[in-house]
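User: Please take a close look at one part of this model. Keep it simple for a beginner.
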Amino acid sequence: MENRWVAIVHLDTLKVEYDPTFKFKCVENCGLCCSNLEIPLRDEDVETIEDLGYNAWEFVDYEKAFYRGDRFLGYALKKRSLDDSCVFLDPETKKCRIYDHRPLACRLYPFIFTKNRNLMEVYIKEDTFCPGVGHPDGEPVTKEFLMREYGDLLGRYHRDIVNQGR
């Protein structure tokens with residue numbers, strides 16, 4: 001599995017350069033990422049899901065932990081033992097039951113965002129199981145795409161950089 005560069009965002013101006021040959025489309029009723037990936041949960045993700053009325057023990061897998069070096073990042077999202085899919089994936093519709101409140105790792109997939117000073121580099125994780133990567137009906141990762149899907153995240157970084165310059 002390789003990571004491919006698809007875009008770069010200049011966080012001070014929000015100007016975007018992108019690879020026009022790459023397209024992506026999240027395929028409806030797919031759910032393969034919900035079955036094939038281990039999803040790390042941040043504290044913010046756990047709090048958001050608890051605010052929906054769930055107890056952490058229902059969705060946090062305390063036996064799987066994520067680390068970067070020796071730094072603890074969080075525990076994993078729990079999978080169903082029946083089919084090894086995320087506990088929030090509806091097995092019939094293949095839709096997420098908490099889609100509007102899903103963890104950040106779910107929102108970002110299959111993209112990888114790497115911040116380097118005033119730049120946010122965007123890569124695609126070219127997993128063989130994801131039918132949306134390079135989909136012929138997909139769309140390029142333009143400024144419009146990035147702001148629609150990740151505007152809140154990019155906006156926070158933009159504000160931080162603008163405020164640092166004051």
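Does Asp43 count as buried or exposed, and why?

Analyst: This is a predicted model, where local features need pLDDT of at least 70, side-chain atom pairs count only at pLDDT 80 or more, and totals for chains, interfaces and linings use all residues. Residues are numbered from 1 along each chain as its sequence is written, and side-chain values use heavy atoms, without hydrogens or water.

Asp43 counts as exposed because its relative accessibility is 60%. (Buried means under 20% relative accessible area, exposed over 50%, partly exposed in between; 1.4 Å probe, protein chains only.) Asp43 sits in helix α2, residues 43-51. (Helices, H or I, need at least four residues and strands, E, at least two, as DSSP runs numbered from the N terminus.)

Asp43 also joins Glu47, Glu50 and Asp51 in a negative surface patch. (Patch residues have over 30% relative accessible area and no salt bridge, with like charges joined within 9 Å and nonpolar side chains within 5 Å; a salt bridge puts a Lys or Arg side-chain nitrogen within 4 Å of an Asp or Glu carboxyl oxygen.) Asp and Glu count as negative, and each charge is placed at CG of Asp or CD of Glu.

Helix α2 has another role to note. It gives two or more residues to the largest nonpolar core, as do β1, α3, β5, β6 and α5. That core has 38 residues, and Phe59, Phe111, Phe113 and Leu146 have the most contacts inside it. (A nonpolar core joins buried Ala, Val, Leu, Ile, Met, Phe, Trp, Tyr and Cys through side-chain atoms within 4.5 Å.) Helix α5 gives the largest share, six residues.

How values were computed:
Accessible areas come from the Shrake-Rupley method with a 1.4 Å probe; for residues, only the protein chains shown count as cover.
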